[in-house]
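Subject: Structure handover

Hi,

Here is the structure for you to load. Please open it first, then read my notes below.

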Amino acid sequence: MILLRADHIGPLEMFKIGVGPSSSHTVGPMVAALEFSKRIQSIISKNGKYKLEVELLGSLSATGRGHATDGAICAGILGYHPRLTPVKDIWNAKDLLESKGGFEADGVDGGNGFCDFRPSTDIIFGGWTLKGKNGDNKLPHPNTMRFSLYQNDQIALEEIWISVGGGFVERLGERAETDLKVFDLPYPYETAQNFIEQVMKSGLTPWDLVIANQKVLGLSEEKLRSELSEIWKTMTICIEAGLDTDGILPGGLNVRRRAKKLFSDLEAGKTPAWSEHDLRPSVYAMAVNEENAAGGRVVTAPTNGSSGLIPAVWRTLQERQNLDETTLQNGLIVASVIGALVKVHASISGAEVGCQGEVGTSCAMAAGGAVAMLGGNINQIEQAAEIGIEHHLGMTCDPIMGLVQVPCIERNAMGAVKALNAAALSLASDGQHLVSLDKVLSVMKQTGLDMNHKYKETSTGGLALG
Ligand code: SF4
């Protein structure tokens, strides 16, 4: 189902366990390929001759190699799941397909059919137009994929999928085909202002209000909390792995992992006294983003490129304020509301609006979630989220060599500090402020539309030019 309303997008949509390095360029394409691989099972039979071709278009073409999009496509084609399949198997999929020259699919006639698919020639990095029988067409989205299954050299199934950010995917035409189901929620909201009003009118905490809505959407509080516990556990494991690993990140840029050394300096009291508070969240964020850059197991928050910021802020507050796990979960629930509002009213995709949509959104989610965990009221939560976005407006996405490394890793480190400052600023005030979260989201969207194409995850401008 395509989720178009902010109140229908819950914590489990915003926080998804998957693999690095990118939610839009790795997890999304893998999910699309997985879905397509299921759909071709109703076509393939044991006696036919089949061939699969996948075109990566737009930003997926420009930065797909650095983001491991081709490897993710291969894993999805083999039926691997970004959360459930061991990371090692995911990254072996491309070599496996290359050596076998294709894959077996359950045939409709009970036998196994074989489909030719060699990643080196059948994954095409195709540029910025969608070539068709009647000429070139504009891409429906900067992150577009075309899957074509041929049977005896004729098209048997062709589908276009788009990866809209944060691991969300849509099949082109699905919006028109699907009855977009709108549920009758007890506390409906479409904007930040609606959300504030619902919290005030109901007398509920913001997280209890979301839990009540999620129940109507089919998710019990027990299930939600057990999933959030798994999500927090994955974030924690990721921080620990990053703090315990050194060496060079893959991809050819020769970026050195720094989190382990910085952390051991912190623990040994070797950093300048004034930097201890700032460095700790930064080091945690870098630990996660280094794991993400290495293709490790991470949680979208709301994307993989911005996956370090929220774990860093939560871990810092857990240590400094002795927060229990239920409070950490409540913070994630509130953060997810902010992420959903951005997704619906602006974008969480670097290819659509630049890094303001990724690290900017993550900073807003973390700031609002932090205020909620520290006992702030709904106006202070909204103010913190607004500050988090406002001071990332216009931030470009220009990763060097298309790798989610520079500037991404440090950007999460800086964002974590900003989020904590935004939370402190709003907790120190009464929540009254000039620019609303709703207003800043409309500015963010327009800024993204006005931003030159080369600054939106194409690696053709800014830092990417070296
Ligand atoms: S620069 Fe920002 S938006 Fe672009 S890939 Fe890095 S984290 Fe994502």
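A term first: a residue is called buried when its relative accessible area is under 20%, and exposed when it is over 50%. Strands here are DSSP runs of at least two residues. Keep in mind that this is a predicted model.

**Strand E4**

E4 runs over residues 112–116. Its covered face holds Gly113 and Cys115. Asn112, Phe114 and Asp116 make up the uncovered face. The general pattern fits here: in a regular strand, side chains alternate between the two faces of the sheet.

E4 has two partners to look at. With E2 (residues 50–58) the pairing is parallel, over two bridges. With E3 (residues 102–106) it is antiparallel, over five bridges. Asp116 of E4 turns up in both pairings: Lys51 stands opposite Asp116, and so does Gly102.

**Helix H17**

H17 covers residues 378–390. Is its length as expected or not? At 1.5 Å a residue, its 13 residues should span 18 Å, and the end C-alpha atoms are 18 Å apart, so the two agree.

The N-terminal end is capped by Asn377. A side-chain oxygen of Asn377 lies 3.0 Å from the backbone nitrogen of Asn379.

How many residues of H17 are buried? The count is 12 of the 13, so the helix is largely enclosed by the rest of the structure. Among them are Ile378, Ile381, Ala384, Ala385, Ile387 and Ile389. Polar and charged names are on the buried list as well, including Asn379, Gln380, Glu382, Gln383 and Glu386.

What do these buried residues pack against? The partners are helices H8 (192–202), H9 (206–216), H14 (325–345), H16 (359–373), H18 (408–427) and H19 (437–450).

**Largest pocket**

The largest pocket has a volume of about 1400 Å³. It is lined by 50 residues, and those closest to its centre are Val164, Gly167, Phe168, Val169 and Lys343. Helix H2 (residues 23–39) gives the largest share of the lining, with five residues.

**Thr271**

Thr271 sits in the loop between helix H11 (259–267) and helix H12 (276–293). Is Thr271 buried or exposed? Its relative accessibility is 15%, so Thr271 counts as buried. Leaving out residues up to four places away in sequence, Thr271 touches Asp265, Leu266, Glu276 and Leu279.

Best regards

Definitions and conventions:
Residues numbered from 1 in each chain as written. Predicted model: local features only at pLDDT ≥ 70, side-chain atom pairs only at ≥ 80, totals over all residues. Heavy atoms only, no water. Buried < 20%, exposed > 50% of the residue type's maximum accessible area, 1.4 Å probe, protein only. Helix = DSSP H or I, 4+ residues; strand = E, 2+ residues; numbered from the N terminus. Pairing = 2+ DSSP bridges. Expected span 1.5 Å × (residues − 1). Contact = heavy atoms within 4.5 Å. Polar contact = N/O pair within 3.5 Å; in protein donor to acceptor, adjacent residues only side chain to side chain. 1 Å grid on protein atoms, 1.4 Å probe; cavity = no way out; pocket = protein on both sides within 12 Å on 5 of 7 lines; lining within 4 Å. Points joined across faces, edges and corners; volume = space filled by probe spheres on them.
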